[in-house]
Amino acid sequence: MTEADQRWRELGEFIRKQRELAKMSLRRLSDLAGVSNPYLSQIERGLRRPSAEILKQIADALQISAESLYIKAGILEEDRPATDAVSSIAADPLLTEEQKRALISVYRSFQKVNEGRDSKDRRPDEARTTGVPQ
């Protein structure tokens with residue numbers, strides 16, 4: 001098996017796992033993504049190499065980042081590892097887009113609350129209630 005074949009097989013496995021995590025049948029995903037059931041089955045088994053547009057449709061149906069599928073397919077190069085919380089959340093393939101938006105929103109709201117304040121400016125009881133070590 002070539003490296004490219006292995007990459008497509010891994011992509012198919014990833015799509016299948018995401019579908020299973022979403023508790024979605026193959027038929028349901030194929031309907032939502034606008035592709036035929038047999039074609040999606042072949043993609044999941046690594047037998048077909050879908051276009052970027054088909055990958056986007058699948059990603060949208062699964063509510064995951066199309067970029068994560070493009071990287072797994074070799075269409076995009078993976079950037080250096082994420083170094084901040086927002087990038088890490090956005091890159092997590094196990095989170096849905098809705099979950100990512102919620103986590104990022106909460107994270108940014110905490111940042112906004114603490115904006116302009118360093119840890120020595122916080123009250124001691126604030127650290128206990130937020131669980132943030134001083």
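This passage describes how the helices of a predicted model pack together, and then turns to a few individual residues. Local features were taken where pLDDT is at least 70 and side-chain atom pairs only at pLDDT 80 or more, while totals for chains, interfaces and linings use all residues. Residues are numbered from 1 along each chain as its sequence is written, and side-chain values use heavy atoms, with hydrogens and water left out.

A natural place to begin is the largest nonpolar core, a term used here for a set of buried Ala, Val, Leu, Ile, Met, Phe, Trp, Tyr and Cys residues joined through side-chain atoms within 4.5 Å. Buried means under 20% relative accessible area, exposed means over 50%, and partly exposed lies in between (1.4 Å probe, protein chains only). The core holds 22 residues, and those touching the most other members are Leu11, Ile15, Leu29, Leu55, Ile58, Leu62 and Leu69. Two or more residues each come from α1, α2 (26–33), α3 (37–44), α4 and α5, with α4 giving the largest share, 6 residues. Helices in this text are DSSP runs of H or I with at least four residues, and strands would be runs of E with at least two, numbered from the N terminus. Leucine 62 offers a closer look at the packing: beyond its neighbours within four places in sequence, it is in contact (heavy atoms within 4.5 Å) with Ile15, Gln18, Arg19, Met24 and Leu29.

Helix α5 (residues 66–73) is mostly covered, with 6 of its 8 residues buried. These are Ala66, Ser68, Leu69, Tyr70, Ile71 and Ala73, and the elements covering them include α1 (3–21) and α4 (52–62). At the N-terminal end of α5, serine 65 acts as a cap, placing a side-chain oxygen 3.1 Å from the backbone nitrogen of glutamate 67. Just past the helix, glycine 74 adopts a positive phi of about 85 degrees.

Helix α3 can be described along similar lines. Its buried residues include Leu40, Ser41, Ile43 and Glu44. They lie on the same side of α3 because they cover an arc of only 160 degrees around the axis, the arc being that of the directions from the helix axis to the C-beta atoms. The buried residues of α3 pack against α1, α2 and α4. Serine 36 caps the N-terminal end of this helix, with a side-chain oxygen 3.1 Å from the backbone nitrogen of tyrosine 39. After α3 comes glycine 46, with a positive phi near 75 degrees.

Lysine 72 belongs to helix α5 and is partly exposed, with a relative accessible area of 34%. The charged end of lysine 72 sits over the ring of phenylalanine 14, 4.7 Å from its centre; the criterion is NZ of Lys or CZ of Arg within 6 Å of the ring centre and within 35 degrees of the ring normal. Not counting residues up to four places away in sequence, lysine 72 touches Arg7, Leu11 and Phe14. Lysine 72 and glutamate 10 are 62 residues apart in sequence, yet their C-alpha atoms are 7.5 Å apart in space. As for aromatic pairs, a search of the whole structure finds 0.

Two polar side chains deserve a mention for their burial. Lysine 100, in helix α7 (residues 97–114), counts as buried because its relative accessibility is 4%. Leaving aside neighbours within four places in sequence, lysine 100 is in contact with Ser65, Ile89, Ala90, Asp92 and Leu95. Glutamine 18, in helix α1, is buried with a relative accessible area of 6%. Outside the residues up to four places away in sequence, glutamine 18 touches Leu62, Ile64, Pro93 and Leu94.

Finally, the backbone has some points of interest. Most residues other than glycine have a negative phi. Lysine 23, in the loop between α1 and α2, instead has a positive phi near 55 degrees, and lysine 23 is exposed, with a relative accessible area of 76%. Glutamine 63, in the loop between α4 and α5, likewise has a positive phi, near 60 degrees. Glutamine 63 is partly exposed, with a relative accessible area of 42%.

How values were computed. A polar contact is a pair of N or O atoms within 3.5 Å; within protein, one must be able to donate a hydrogen and the other to accept it, and residues adjacent in sequence count only if both atoms are side-chain atoms. Rings of Phe, Tyr and Trp (its six-membered ring) pair if their centres lie within 6.5 Å; planes under 30 degrees apart count as stacked, over 60 as edge-to-face and the rest as tilted.
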